[in-house]
Amino acid sequence: MSVHAEGVRVVGSDSDRPRIGLVLGAGGVLGGAWLAGGLAAIAEETGWDPATADVIVGTSAGSMIGALLAGGVPPWFMAAHSAGDSFPGLLDANGQPTDEADRSAGGVLVRRKGFPDLRPYSVALGLRAIARPRAHRLGAAAAAWVPRGMMSTRPLRETVQRVVPHGWAPHPALWIVATDCRAGRRVVFGREGAPVAELSEAVAASCAVPGVYRPVRIGDRIYVDGGAWSASNLDCVARAELDLVICLNPLSSTAAELERGGRGRLRGGMRRTVGKRLGWEARRLRELGTQVLLVQPVADDLEVMGGNMMSTARRHQVLATAQRTVRGQLDEVRAALAGLPRAPQHRLSRPAGPVQEWPADALPPRTSVAPVARQA
């Protein structure tokens, strides 16, 4: 973990509570599992409910986990649902049993019908990037030449719609990052001045990995994975006047953990590149006086993740490992959050008893509970 040594700086005089940002990076199916496990560990160990962060930023896999969190799904539920736990009588926002929801949080790959579309995302952007390479982000420029993927984003949209069927999350500042295919620029849905979008559409766009998923049209623009701009997008909150930012980034690791995990230059190259970008973004925030805490996969996580971050086979194993490894990284996070009131226990771990007896705010506001059938 990388930690800024200075204490938390309070912005404004109307409150002595620090303003906190939560940034969730990209990482495919397994990155989403790692994020869910990491958030569950943070909540359980510190007593802080991540959903109470003043700003939540999500990129790709982080956009899915961030949307569920901002929609009211506590991290303990994400972990328990992934493990196969049942919740008899609990209905989602559409009145469907939550036990029937996809256990991989939309990570199932479903091929779209029809012939493959081999057209690149944007020839115009690709040509502009060749003519002026320094004016374009490498990831966005490379994505411009990739053939359009064949996988449908429907499972992603349906997962979000089980919690937020329409509109945006009730959280006051949920920001979802995607990349505009034509302009090659970052778009932060949910932030002031951004294009209007349904939350399910924005998450689908943020998760649309180039070459894997079909791009997502919102309005008159086409969008792909926000990770094409940055795997973390930590610098999105540079002007948000936050005192503390906690960033969980599944696609980077420290040099020490890469070495411990046997990731040399070739196998660890991507993580080193992502880590350099993350380090630059973190430095930018620290120069503005914001305390930044980075939580990243360690060697044990890397061993379980393997090389294919889109695999669903090891999803819950990755989640369970993250619950353990992130717990071991929380000394600085625990200290930074020590002055905050502890969240109600039902937001930190599963309440006792059947769902009919749970507190009303234990789960998302649009969920409901089926009445208990009376015995004859």
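Which residues lie nearest the centre of the second largest cavity? I kept that question at the top of the page and worked towards it.

**Entry 1: how far to trust it**

I'm looking at a predicted model, so I checked the confidence before anything else. The protein chain averages a pLDDT of 88, and 85% of the residues score at least 70. Then I went looking for the weak part. Over residues 1-14 the pLDDT stays under 50. I still found 35 contacts there beyond four places in sequence, but I put a pencil mark beside that stretch.

**Entry 2: back to my question**

I searched the whole structure for cavities of 30 Å³ or more and got 3. The second largest has a volume of about 170 Å³. Its lining is made of 18 residues, and here is what I was after: Gly28, Val29, Ala61, Leu156 and Cys207 lie nearest the centre. Two elements give two or more residues to this lining, helix H1 (28-46) and H2. H1 gives the most, with 4 residues. I sorted the lining by class too, and got 11 nonpolar, 6 polar and 1 charged.

**Entry 3: the largest cavity**

Next I turned to the largest cavity, with a volume of about 330 Å³. I listed 23 lining residues; Leu68, Val73, Phe77, His81 and Ala101 are the closest to the centre. Helix H2 (61-70) and helix H3 (75-82) are the elements that give two or more residues here. The largest share, 4 residues, comes from H3. By class I have 12 nonpolar, 6 polar and 5 charged residues in this lining.

I noticed that H2 is on both of my lists: it gives two or more residues to the lining of the largest cavity and also to that of the second largest.

**Entry 4: the nonpolar cores**

How many residues does the largest nonpolar core have? I got 80. The ones with the most contacts inside this core are Leu22, Trp34, Phe189, Leu199, Ile246 and Leu248. H1 turns up again, giving the most to this core with 10 residues.

I picked Phe189 for a closer look. Leaving out residues up to four places away in sequence, Phe189 touches Trp168, Leu174, Trp175, Ile176, Ala178, Ala194, Pro195, Ala197, Ala202, Ile218 and Tyr223.

Last item of the day: another core lies apart from the largest one. This other core has 20 residues, and I wrote down Val177, Val188, Leu242 and Val292 as being among them.

How values were computed
Residues numbered from 1 in each chain as written. Predicted model: local features only at pLDDT ≥ 70, side-chain atom pairs only at ≥ 80, totals over all residues. Heavy atoms only, no water. pLDDT = per-residue confidence, 0-100. Contact = heavy atoms within 4.5 Å. 1 Å grid on protein atoms, 1.4 Å probe; cavity = no way out; pocket = protein on both sides within 12 Å on 5 of 7 lines; lining within 4 Å. Points joined across faces, edges and corners; volume = space filled by probe spheres on them. Nonpolar A, V, L, I, M, F, W, Y, C, P; charged D, E, K, R; others polar. Core = buried A, V, L, I, M, F, W, Y, C linked by side-chain atoms within 4.5 Å. Buried < 20%, exposed > 50% of the residue type's maximum accessible area, 1.4 Å probe, protein only.
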